[in-house]
Amino acid sequence: MASPLAKIGIISIGDMGMGLAKLLIAHNFAVATNCSGRSSDTLERARGANVELLSSDEDLARVCAVILSVVPPRDAIQTAQRFADAAPRTSRPPANPLYFADLNAVAPSSAKKIGALFERTSVRFVDGCILGLPPTPKTSDSKNSNGDVSGEWNRPSIPTSGPHAISSIPGFGPALAAALNMRHVSEAIGAASGLKMCFASFSKGLTALATQAYTTAFKLGVLPELRTELAAVLPQHAALAERGVTHMPPKAYRWVGEMEEIAATLSEEGGFPPDSFLGAASVYRTVADDTVLGQEKIGKRKRGTTVEDVAAAMVEGMQTKRKKND
């Protein structure tokens, strides 16, 4: 097997991070992560995917050419600060700067704050986002008809922006950008993050609305009729809404911060009141904090796999909270 093109650090190895790791390894990149504080399940999955486990951010910044930050929005700035602090201690030569790509669901204003953390370091900051589901191979062995291990993959789109592009990295940059399905959309920091916010306002905004509508219809005893009418009149909307609602529970805790970042984006950049997406944040906070749905894990689903059960769990949770508060 050929030597890896470069070593890429990923923080953290969750569902999306693991998908990116497997994609990169299939395309002849080595992948490493900071294993400190991670659960035993996460470490086992990382080892199974041949991800190198390192014990500190400093180690990761020293041996990796690029760091991909894929964390909940609430952790994005703190994660960037960790690497802004760690990078100067690695004694990297000026000719080999570390690239830090923030791929998190944050507002343009947050992306600019993150970029500012690296201004007095040698780290080259890349604003980015992920549009779509985690990468998965189209075939079980991820090989194409020619036996190429890279094969064909289902990949999200990863737009980036700012003064530095991943594809411009000498040597492996074009291959890394191609493997990750990256495209540089603007020289301005905040453009890629803003694109994510506008995109997610459609997809996750619809899921928040649908969760409220299905739950209310369930309480009114008309959920079957609502689903029938939607399927007849708005079949594409209905299919998107049902898929979104049933796939949402394990991710709800992450989406609270994302809705708040969308609210900030639409307010700061678009001039609109933030109320609608602060309301969406409240919906996902209820799912995560007040219902059994908040205990769901990807790959280990028990509740909320149907629209009816999502609605039932929402009603149960909200009624229990209301009784506690009375």
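Trainee: Which residue forms a salt bridge with Asp75?

Mentor: In this predicted model, local features need pLDDT of at least 70 and side-chain atom pairs count only at pLDDT 80 or more, while totals for chains, interfaces and linings use all residues. Residues are numbered from 1 along each chain as its sequence is written, and side-chain values use heavy atoms, with hydrogens and water left out. A salt bridge is defined as a side-chain nitrogen of Lys or Arg within 4 Å of a carboxyl oxygen of Asp or Glu. With the closest N and O atoms 4.0 Å apart, the partner of Asp75 is Arg74.

Trainee: Is Arg74 buried or exposed?

Mentor: The classes rest on relative accessible area (1.4 Å probe, protein chains only): buried is under 20%, exposed is over 50%, and partly exposed lies in between. Asp75 has a value of 24% and is therefore partly exposed. Arg74 has a relative accessible area of 58%, so its class is exposed.

Trainee: How many salt bridges does the rule count?

Mentor: Side chains of opposite charge can pair when their charged atoms come close. Applied to this model, the rule gives a count of 15.

Trainee: How many residues apart are Arg227 and Glu308, and which helices hold them?

Mentor: Arg227 and Glu308 form a salt bridge whose closest N and O atoms are 2.3 Å apart. Elements here are DSSP runs numbered from the N terminus, with helices (H or I) of at least four residues and strands (E) of at least two. The pair links distant parts of the chain, with Arg227 in helix H8 (residues 223–233) and Glu308 in helix H12 (residues 307–325), a separation of 81 residues.

Trainee: What classes of accessibility do Arg227 and Glu308 have?

Mentor: Arg227 has 25% relative accessibility, so it counts as partly exposed. Glu308 has 35%, and its class is likewise partly exposed.

Trainee: Which helix holds both Arg62 and Asp59?

Mentor: The side chains of Arg62 and Asp59 meet in a salt bridge at 3.1 Å, N to O. Arg62 is partly exposed at 38% relative accessibility, and Asp59 is partly exposed at 25%. The two residues lie three apart in sequence, about one turn of the helix, and that helix, spanning residues 57–63, is H3.

Trainee: Which residues are linked with Arg62 and Asp59 in a network of salt bridges?

Mentor: The network has Arg62 and Asp59 among its members. The residues linked with them are Glu58 and Arg89.

Trainee: Why is strand E6 described as largely enclosed by the rest of the structure?

Mentor: Strand E6 covers residues 124–128. The strand is largely enclosed because, of its five residues, the number buried is four.

Trainee: Which residue of E9 stands opposite Asp127?

Mentor: Two strands pair if DSSP finds at least two bridges between them. Strand E5 (residues 99–102) pairs with E6 in the parallel sense over four bridges, and there Asp102 stands opposite Asp127. E6 also pairs with strand E9 (residues 158–161), in the antiparallel sense over two bridges. In E9, the residue opposite Asp127 is Ser161.

Trainee: Which helix joins E5 and E6 in a β-α-β unit?

Mentor: A crossover is right-handed if, with the strands pointing away from the viewer, the path from the first strand over the helix to the second runs clockwise. The unit made with E5 and E6 is right-handed, and its helix, residues 108–117, is H5.

Trainee: Which element gives the most residues to the largest nonpolar core?

Mentor: A nonpolar core is a set of buried Ala, Val, Leu, Ile, Met, Phe, Trp, Tyr and Cys residues joined through side-chain atoms within 4.5 Å. The largest has 35 residues, and Leu24, Val66 and Leu176 are among those with the most contacts inside it. Elements giving two or more residues include strand E1 (7–11), helix H1 (15–26) and strand E4 (66–69). With seven residues, the element that gives the most is H1.

Trainee: Where does Asn50 lie?

Mentor: Asn50 has a positive phi of about 65° although it is not a glycine. At 63% relative accessibility, Asn50 counts as exposed. Its place is the loop between helix H2 (40–48) and strand E3 (52–54).
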